[in-house]
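User: Please take a close look at one part of this model and describe how it is put together. I would like a connected account that starts from a local feature and widens to its surroundings.

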Number of protein chains: 2
Amino acid sequence: MAQTFEVSILGSSSALPTSQRHPTAQLINVAERYFLVDCGEGTQIQLRRYHFRMQRINHILISHLHGDHFFGLVGLLSSMHLLGRVQTLHLYHPPGLKEIIDIQMRYSCTALKFPIEYHVHDLEQPKLLFEDKVMEVHSFPLNHRIPCCGFVFREKPRPFLINKEKVTSLRVPVSQMGALKRGEDVTLADGTIVPNAELTCGRTKPRSYSFCSDTIFDLSVIQYIKNSDLLYHEATFADDMMERAKTTFHSTAREAGQVARQAEAGKLIIGHFSARYHDTGILLQEALSEFPETVAAEEGKTYSIDEQLIVQKKE
Amino acid sequence: MAQTFEVSILGSSSALPTSQRHPTAQLINVAERYFLVDCGEGTQIQLRRYHFRMQRINHILISHLHGDHFFGLVGLLSSMHLLGRVQTLHLYHPPGLKEIIDIQMRYSCTALKFPIEYHVHDLEQPKLLFEDKVMEVHSFPLNHRIPCCGFVFREKPRPFLINKEKVTSLRVPVSQMGALKRGEDVTLADGTIVPNAELTCGRTKPRSYSFCSDTIFDLSVIQYIKNSDLLYHEATFADDMMERAKTTFHSTAREAGQVARQAEAGKLIIGHFSARYHDTGILLQEALSEFPETVAAEEGKTYSIDEQLIVQKKE
């Protein structure tokens, strides 16, 4: 059965929102697990606008504590509370966020009806944030003015797809199906060993999405995001603002393209556009010159990573 | 010369924003002095959407520390900073707001380029917040779940309008013009005393706007808002939710109408609508049954108080 892997853009602006663009926020859906990545001001309104159900989000990841990446969080938590949430919410964040939330809840005399589990980032090295049977999420350090992390969402190896016709004709016992899905060879009732490849149609490639939040151009990030099917990389400025990009620890669109190329990404989404670019065409053009599979983030748009069947042996 | 007195609605929703309605925020313009009243999440985006220039705002008044009245403040301050503001900003607010702002600025390593002057509300009695030669602003206590204030914006008595034809024909000396504007009689060169009323066309009535933020129905507020030309009163619920209004210390639309009637207001704006009312028609209808001069707040709309000439003697 097909498994969802989607990234929806809720905000594409850098520090200054415009009347058209909101600060950073993305909703990641992997097999109906919903992760909100960053939560700029207005994120809860964007969720409503695009008909995403906020209560399905059980994990919120905040890359860093610049306002355009988290000023919408306390409002979203309040709305989750008002709408009757009881389910635990997991927050992954740099040090300080709990203090910021607590003080605002205290002064508004709000006792949230649901528990929050706080998970503080490791700012020095990659860290496993979440894992279940179908996927895992890791953080990794980014190079920005203040402590900042990127994130990788990765499917676990998918089960081998059973060739029902073959399995039926050879009368493979039901008890062997688990082994087949794991890629193992099976033994029939008469003792014959049948190689897995003869009974399965291969499996779909595990997909991955990497999110590079605010960062200066820094190729040391490649080790964490190598071969991502989909890569988001900030592209605050065009070439004309190269110096400003450096002093503010941001990247240009061309640099985002270079990262995607070196990471051998499948596709690149650029975003975090400076408010000075009313039209993001120039940013897209400069990124495309480095990496042809680039798109400029569009708010309200969902980018899917398609499943791709690969015929492979178990390692 | 005509003097502006306008109220622009930026948000009309109660605690839960909808895709159509934002949390509370209003921009008051009295003679080109701009006051922002409350600052729910997304206020800076609303300001941009409706083409108001945020840097013209020198005074921000926060009624109370429920999130839907101030979660947009720290984002607005950050944007003012990024856009190069240097001018002092005055904040009028309940205790705690400075702490909430400071902690967020600290973790984002932001040192605002402009000074903020913090003015803590008096929660027990009315207080003069601002005064200059044309107007004054007062706060007054409201009856809500947490400490909360309303605000009155009031023009000072306007100058008498000089009847140029009369003044010229009687050769009133220029030195007497100040006295005339103040409503005084004048003495001509030959010693004749001319009554002010013969040389002026009267003056325009000083206008006032009162803002009743979140409050339970409470007529003790009348003393502060009596005779307001324009009154905003929250109207979170319709009659069907009367009990809920009481337990949450909010008002129904009908109660807002009753307050306007007893205050002998000129016109009533209702707002702070619960998200359960997709259509605010029922709220408007119930308020109208008590007070015919009622409108339901519309985001992006500006309500002007017209100047009204009154022929009057100096008291």
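Analyst: In this predicted model, a hairpin is formed by β7(B) and β8(B), with 3 residues lying between the two strands. The pairing of β7(B) with β8, residues 135-141 of chain B, is antiparallel and runs over 4 bridges. Within this pairing, B:E131 has B:E136 of β8(B) as its bridge partner.

The hairpin belongs to a wider sheet. That sheet is open, has 7 strands in chain B and follows the order β7-β8-β9-β13-β14-β15-β16, with mixed pairing. Its edges are β7 (127-131) and β16 (294-296) of chain B, each of which pairs on one side only. From one strand to the next, the twist averages 20 degrees.

Further along the strand order, the pairing of β14 with β15 can be set beside that of the hairpin. Strand β14 of chain B, residues 230-234, and strand β15 of chain B, residues 267-271, pair in the parallel sense, with 5 bridges. Here B:L231 stands opposite B:L268 of β15(B). A helix packs on the sheet as well: α10 of chain B, residues 281-288, touches β15 and β16 of chain B, and its direction makes about 165 degrees with that of β16(B).

One residue gives a detailed view of this region. Leaving aside neighbours within four places in sequence, B:I270 is in contact with B:H233, B:A235, B:A253, B:A256, B:L283, B:L284, B:A287, B:T294, B:A296 and B:A297. Both B:I270 and B:L283 also appear, together with A:I270 and A:L283, as the residues with the most contacts inside the largest nonpolar core, which has 146 residues. In general, nonpolar side chains tend to be buried together in soluble globular proteins.

The contact between the chains completes the picture. Chain B and chain A each give 31 residues to it. On the side of chain B that touches chain A, the elements giving two or more residues are α1 (43-49), α2 (73-82) and α3 (97-107) of chain B. The residues on that side of chain B comprise 13 nonpolar, 13 polar and 5 charged.

As for the partner, chain A contains 10 helices and 18 strands. Its C-alpha atoms fill a box of roughly 70 × 50 × 35 Å along the principal axes. Of the 315 residues in chain A, 45% are buried. Among the contacts in chain A with a separation of 6 or more, 65% join residues 24 or more positions apart.

Definitions and conventions. Residues are numbered from 1 along each chain as its sequence is written. Chains are lettered from A and ligands numbered from 1 in the order in which they are written. This is a predicted model: local features need pLDDT of at least 70, side-chain atom pairs count only at pLDDT 80 or more; totals for chains, interfaces and linings use all residues. Two strands pair if DSSP finds at least two bridges between them. Axes are lines fitted to C-alpha atoms, for helices over the stretch in contact, and angles run from 0 to 180 degrees between N-to-C directions. Two residues are in contact if their C-beta atoms, placed from the backbone, lie within 7 Å. Ala, Val, Leu, Ile, Met, Phe, Trp, Tyr, Cys and Pro count as nonpolar, Asp, Glu, Lys and Arg as charged, and the others, Gly among them, as polar. A residue is buried if 20 or more other C-beta atoms lie within 10 Å of its own, exposed if 12 or fewer, and partly exposed in between; C-beta atoms are placed from the backbone. A nonpolar core is a set of buried Ala, Val, Leu, Ile, Met, Phe, Trp, Tyr and Cys residues joined through C-beta atoms within 7 Å.
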